[in-house]
Structure formats: C-alpha cells, structure tokens
Amino acid sequence: MRVVRGGVSVTTVVNIRDLRTGWEHDSRYIYCGRAGHGLDGRYGNRHVIGWCGVCGTRHRRADAIAAHRFETDTRYVNDASFRTEVDAMRDHFLVCFCFPRPCHCDNYARLADYGPSGFWA
C-alpha cells in the first residue's frame, strides 16, 4: 500500500474503511478525519461541505478543501509547532473517510512531502 515516487516513500492518504481492525494502534497511521467513532478530530477539516459555519458560506467539496489548504499553508509557515506536527506525518498513512475522493488529507500529505512551496521537502 506504500506509494513510492522515484524510489522515495511518500505520505499516503487511505480510506478508513479499507483498513484492518487495529490500525489505530499502528504508529504508521494517523487519523485525520473529524472527531467521532471514538477517534479525535485533531486534524479534521473544520470547513464542511454544505453550509460552513466557519466561513458563513456554502461550500462544495473543492471549496472546503481550498479553505483548509489556505489555513494549513498559513499555519505551516507561521507556527513552528504545527509545522513539526505536519512534518512528522511524512512517510505515514493519513486516514480519512473521503479517499479516493479529494479531501483535506491531500493538503497534509502535500505539506509533509513538499512543504507549502510544492517542492520536495
């Protein structure tokens, strides 16, 4: 299941429904969905599809992901503690309910692998 680009492992987004029981006890997996199902939502996207109470507007999937990207990119640049957390996601599996559809976990994977510049970190 590990994705490799040019001989280097990269951060990979996976769907929670595709994982075996006990994945949450494996340090290679980081849950990035919203709180629920007995899991914390530390890395969940606070921008929802539909009416978003954060923005006060209606989001389509792409809008919610874009709002999350703006927030995470800004925070990554300005918050050293957050940057350390995201960098620690590199070469891990990011778990959500959306994959294979686009989701905010793609933002974390991009930051972990490339940083906000889009170049290999």
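Cys-98 counts as partly exposed, because its relative accessibility is 21% and the buried class stops under 20%. You'll find Cys-98 in the loop between strand E7 (93-96) and H3. Keep in mind that this is a predicted model. From here, let's look at the surroundings of Cys-98, then the whole chain, helix H3, the pairing of H1 with H3, and two more residues.

**Around Cys-98**
- Setting aside neighbours within four places in sequence, Cys-98 is in contact with Asn-15, Arg-61 and Cys-103.
- One of these partners, Asn-15, comes from well along the chain: 83 residues separate Asn-15 from Cys-98, yet their C-alpha atoms are 6.4 Å apart.

**The chain as a whole**
- How many helices and strands does the chain have? There are three helices and seven strands.
- Follow the sequence and the order goes β-β-β-β-β-β-α-α-β-α.
- The chain has 121 residues, and 39% of them are buried.
- Among contacts with a separation of 6 or more, 55% link residues 24 or more positions apart.
- The accessible surface adds up to about 7000 Å², and carbon and sulfur atoms hold 54% of that.

**Helix H3, mostly under cover**
- Is H3 mostly covered or mostly uncovered? Mostly covered, with eight of its ten residues buried.
- The buried ones are Cys-105, Asn-107, Tyr-108, Ala-109, Arg-110, Leu-111, Ala-112 and Asp-113.
- So the buried set of H3 takes in the charged residues Arg-110 and Asp-113 as well as nonpolar ones such as Leu-111.
- The cover over these buried residues includes strand E3 (12-15), H1, helix H2 (80-87) and E7.
- Right after H3 comes Gly-115, which takes a positive phi of about 75°.

**How H1 and H3 pack**
- Helix H1 spans residues 61-78 and helix H3 spans residues 105-114; they pack with their axes 9 Å apart, at an angle of about 30°.
- Why do H1 and H3 count as roughly parallel? Their angle is about 30°, and angles under 35 degrees count as roughly parallel, so that is the label the pair gets.
- The crossing of the two helices is right-handed.
- On the H1 side, the contact is made by Ile-65, His-68, Arg-69, Thr-72, Asp-73 and Tyr-76.
- On the H3 side, it is made by Asn-107, Tyr-108, Arg-110 and Leu-111.
- Sorted by class, this contact has four nonpolar, three polar and three charged residues.
- A bit of background helps with the spacing: an α-helix has 3.6 residues a turn, so residues three or four places apart point the same way.

**Two more residues to find**
- Phe-70 lies in helix H1.
- Is Phe-70 buried or exposed? Exposed, because its relative accessibility is 60% and the exposed class begins over 50%.
- Phe-70 and Asn-107 are 37 residues apart in sequence, with 9.4 Å between their C-alpha atoms.
- His-47 sits in the loop between strand E4 (29-31) and strand E5 (50-52).
- His-47 counts as buried because its relative accessibility is 2%.
- Not counting residues up to four places away in sequence, His-47 touches Arg-34, Cys-52, Val-54, Cys-55, His-59, Ala-64, Ala-67, His-68 and Glu-71.
- One name in that list, His-68, also belongs to the H1 side of the contact with H3.

Terms used. Residues are numbered from 1 along each chain as its sequence is written. This is a predicted model: local features need pLDDT of at least 70, side-chain atom pairs count only at pLDDT 80 or more; totals for chains, interfaces and linings use all residues. Side-chain values use heavy atoms; hydrogens and water are left out. Axes are lines fitted to C-alpha atoms, for helices over the stretch in contact, and angles run from 0 to 180 degrees between N-to-C directions. Helices (H or I, at least four residues) and strands (E, at least two) are DSSP runs, numbered from the N terminus. Angles under 35 degrees count as roughly parallel, over 145 as roughly antiparallel, 65 to 115 as roughly perpendicular and the rest as oblique. A crossing is left-handed if the near helix is turned anticlockwise from the far one by less than a right angle, and right-handed if clockwise. Contact means heavy atoms within 4.5 Å. Buried means under 20% relative accessible area, exposed over 50%, partly exposed in between (1.4 Å probe, protein chains only). Accessible areas come from the Shrake-Rupley method with a 1.4 Å probe; for residues, only the protein chains shown count as cover.
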